[in-house]
Amino acid sequence: MLSFNSYAQERHTISGYVSDEDGEMLIGVNVYVPNTTYGGVSNTYGFYSLTIPEGSYTLIYSFVGFEAREIPVRLDKNIKQNVTLKPVSSEIQEVQITAERKDKNIQEIGMGNVTLQAKTIKKIPNLMGETDIIKSIQLLPGVQTSVEGSSGFYVRGGNADQNLVLLDGATVYNPSHLFGFFSVFNGDAIKNVELYKGGIPAEYGGRLSSVLDVRMKEGNTHKIHGNAGIGLISSRLTVEGPLYKDKVSFLISARRTYADLMLPFATDTIAKDSKFFFYDLNAKVNFTINENNRIFVSGYFGRDVNRFADFFQMNFGNATGTIRWNHAYSGRIFSNLTLIYSDFDYEIGVPQGTMGFKWLSHIVDRGLKNDYTFYINSNNTLDFGLHLIYHTIRPGVNEQIGEESYINSIAYPDVHGIESAIFISNEQKIGPWVSVQYGLRYSLFQNVGPATIYGYDSNYEVNDTLLYGKGNVFNTFGNAEPRLGIRVLLGDKSSIKAGYNRMAQYLHLASNSTATFPLDMWFMSSPNVKPQLADQVALGYFRNFYDNTFETSIEVFYKKLTNSIDFKDHAQLIPNTYLEGELRIGTTRSYGVEFMVRKESGKLNGWISYAYIHTRRHIPEINRGDEFPPPYDKPNNVSVVIQYEISKRFDAAVNWVYSSANPVTVPAKGYYYGNIWIPNYSKRGGVRIPETAYHRLDFSFNWNFRISRLESNLNLSVYNVYNRHNAFAVYFRDKNLGWDQENNAAEGSDIEVVKLYLFPIIPTLTFNVKF
């Protein structure tokens with residue numbers, strides 16, 4: 001209850017951290033005084049702060065899946081109050097939590113943002129029973145995949161390289177294993193996943209379309225425990241606990257596939273000499289120095305090893321490291337100082353023989369971020385800070401392997417760039433119904449020597465060469481990136497939101513494939529390549545029903561991309577010293593509408609979504625200057641995700657997805673050169689083949705039980721229940737067996753579409769245990 005003199009001028013601050021019973025900090029906990037406008041949410045590190053007039057209050061702390069706590073306080077001075085929330089069963093949750101909590105989707109200003117907790121992701125059926133964060137976000141409206149099984153994703157008409165993927169603040173350049181079929185994120189080590197499609201906060205930048213912010217667990221601060229799992233293709237082990245109770249905690253989580261362990265027993269010599277596996281290792285240590293200072297050290301190390309006997313090999317992997325210092329100043333200012341390291345590398349080659357070679361490439365980031373949040377008062381929260389990243393890209397080093405090889409060794413020089421930014425943003429309440437968030441990010445990108453820069457004429461032929469020495473800053477781009485969001489409440493259960501954001505991108509991906517592969521090459525903006533820019537406006541209506549049990553939303557958006565990058569027909573990407581001469585620049589526009597109905601509480605939960613997205617690209621030198629759809633454009637997308645808790649021992653889940661066929665460039669006709677049929681293609685992306693429309697049904701069932709004192713779980717997952725043959729790729733061939741030699745043309749040419757598919761119905765059993 002509220003009891004205070006509303007005219008009192010003196011204000012005090014109550015602040016602290018909100019955690020669960022294991023000491024894991026909770027993100028997005030609602031902290032508020034009922035029947036007032038005083039309230040806020042815990043940040044990424046579980047920290048909250050409220051500055052309100054002196055008086056006696058009852059504060060409510062509520063979070064989906066946990067018991068809400070009511071704590072009376074007498075606020076006559078600044079107070080630090082840490083709070084622990086207890087999890088509840090689904091029966092209590094539906095009655096107690098939803099009735100008391102302020103509904104985040106109605107109250108928050110941001111739109112196009114979705115948060116998924118690890119427990120939700122783990123229940124979603126996935127390929128071969130592997131918990132997969134990327135596959136899970138592909139089920140959200142506005143997020144599309146390219147081909148069957150790929151971990152690449154496309155957001156609101158943007159390309160795959162236009163998504164910023166972060167793990168504890170460090171960039172993950174290739175978030176996939178096994179050529180894109182699995183993501184690098186081990187679900188046992190992940191606490192929270194947040195996707196920003198629109199209304200992207202000013203603290204984020206460097207990509208045009210979205211931000212996927214993945215946060216690792218901190219580790220149990222009270223007791224040591226862990227969990228393990230054995231599946232069809234991999235096994236996992238996670239251990240966490242205190243090194244010093246309530247002060248220092250750790251987490252170690254490892255995953256490895258083991259198909260390669262069976263290959264030595266194969267009778268085939270080639271199989272016996274081959275290796276195919278991947279592994280992950282997540283590690284984190286957290287130090288609570290005192291109530292105002294905390295230090296986090298986290299790292300990720302993952303690698304894919306693929307060797308086909310002595311014929312071919314390809315290895316690639318990610319490594320990230322983060323050191324973060326959290327500091328709270330007087331309860332009202334919260335700061336983060338973060339040192340970041342990220343490295344992605346790959347190698348391909350032939351181990352021996354006349355073709356023996358090894359091609360090496362990598363991209364390394366070393367960065368610093370210094371962010372601040374100033375809780376000015378109950379109506380204003382100010383965020384500001386600066387970011388600095390030093391990029392190093394090694395396009396490629398080719399090494400000759402063996403004296404028999406005729407492949408020449410060659411090394412392309414490293415490329416360097418500095419990306420920096422400052423930002424400021426304020427979230428302001430204007431009366432009880434209106435809130436706004438306005439901010440500005442200014443980003444700067446500088447090319448740094450040593451470097452060799454080629455000049456190109458109007459025909460993209462090299463006409464000049466410029467050399468720059470080490471440390472010489474020879475090119476600079478700067479961009480102002482304003483952000484604006486407005487939310488208007490229409491009563492207790494609905495709101496209207498609008499937003500605008502501009503984004504700039506200085507790193508780009510060279511790829512000629514609709515799927516994302518590790519061999520795609522990153523390159524920087526330069527005197528020949530301007531940064532890509534995106535302007536997006538969006539409008540949304542949000543409405544909740546049945547005591548906030550069901551969340552519904554409809555969002556419309558329009559996005560325009562300038563300096564869009566594409567490649568000329570038959571471009572050579574790797575290796576190519578003159579890659580910039582293969583580029584063609586233009587614009588892209590995308591618009592669409594997204595619908596979503598979501599239920600998070602109770603025994604039955606999940607969501608149903610539909611999105612219509614229309615994307616067109618205009619490059620004057622491509623497709624005769626006509627607009628064309630990019631290869632990932634799939635206008636209609638439907639996702640159904642349903643999870644049901646049958647009892648404490650049994651639960652089940654099902655998801656169904658549908659998307660339109662990809663556009664393809666088909667041979668309009670063909671001719672023969674000797675005995676080889678040469679196709680002559682139509683307009684780029686001019687045809688959609690109905691048979692390649694994508695749809696799939698997945699199912700999972702969990703049996704929870706105990707073995708002695710150990711909590712155990714047996715998971716049955718069935719991927720592609722009705723055995724749909726979804727296309728991984730399509731190609732074209734002439735069914736005609738003869739040709740007209742005189743006219744060098746096919747006799748009655750009949751072009752046939754051939755669809756390649758990868759996955760039939762795949763049932764999987766996975767055993768999990770907690771200890």
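Visitor: Which strand is Y541 found in?
Guide: This is a predicted model, by the way. Strands here are DSSP runs counted from the N terminus, and by that numbering Y541 is found in strand β36.

Visitor: Is Y541 buried, partly exposed or exposed?
Guide: Its relative accessible area comes out at 34%. Buried would need under 20% and exposed over 50%, so with 34% Y541 is partly exposed.

Visitor: What is the area of the nonpolar surface patch that includes Y541?
Guide: Y541 shares that patch with L539, I554, V556 and F595, among others. Also in there are Y438, L484, I486, V488, L490 and I496. Together they make a nonpolar surface patch of about 840 Å².

Visitor: And which element gives the most to the nonpolar patch?
Guide: The elements giving two or more residues are β32 (473-489), β36 (532-545) and β37 (550-567). The one that gives the most, with three residues, is β32.

Visitor: On to charges: how many salt bridges does the count come to?
Guide: A pair counts when a side-chain nitrogen of Lys or Arg is within 4 Å of a carboxyl oxygen of Asp or Glu. By this rule the count is 26.

Visitor: How many residues apart in sequence are the parts that D168 and K284 tie together?
Guide: D168 and K284 form a salt bridge, with the closest N and O atoms 3.2 Å apart. D168 sits in the loop between β12 (163-167) and β13 (170-171), while K284 is in strand β21 (residues 275-290), so the pair links parts whose separation in sequence is 116 residues.

Visitor: Are D168 and K284 buried or exposed?
Guide: The label depends on relative accessible area, with under 20% as the cut-off for buried. For D168 and K284 alike, the answer is buried.

Visitor: What about E481 and R483, buried or exposed?
Guide: Their side chains meet in a salt bridge at 2.9 Å, N to O. E481 has 1% relative accessibility and R483 has 6%. The cut-off is under 20%, so E481 is buried and R483 is also buried.

Visitor: Which residue of the E582 and K568 salt bridge is partly exposed?
Guide: The two side chains meet at 3.4 Å, N to O. Both E582 and K568 lie in the loop between β37 and β38 (583-599), so the pair ties together parts 14 residues apart in sequence. E582 counts as buried at 10% relative accessibility. At 30%, the partly exposed one is K568.

Visitor: Which residues are joined into one network by salt bridges that share partners?
Guide: Here the link is made through shared partners. The residues joined this way are R156, K197, E555 and E594.

Note on methods. Residues numbered from 1 in each chain as written. Predicted model: local features only at pLDDT ≥ 70, side-chain atom pairs only at ≥ 80, totals over all residues. Heavy atoms only, no water. Patch = residues over 30% accessible without salt bridge, like charges linked within 9 Å, V, L, I, M, F, W, Y side chains within 5 Å. Areas by Shrake-Rupley, 256 points an atom, 1.4 Å probe, with all protein chains shown as cover. Helix = DSSP H or I, 4+ residues; strand = E, 2+ residues; numbered from the N terminus. Buried < 20%, exposed > 50% of the residue type's maximum accessible area, 1.4 Å probe, protein only.
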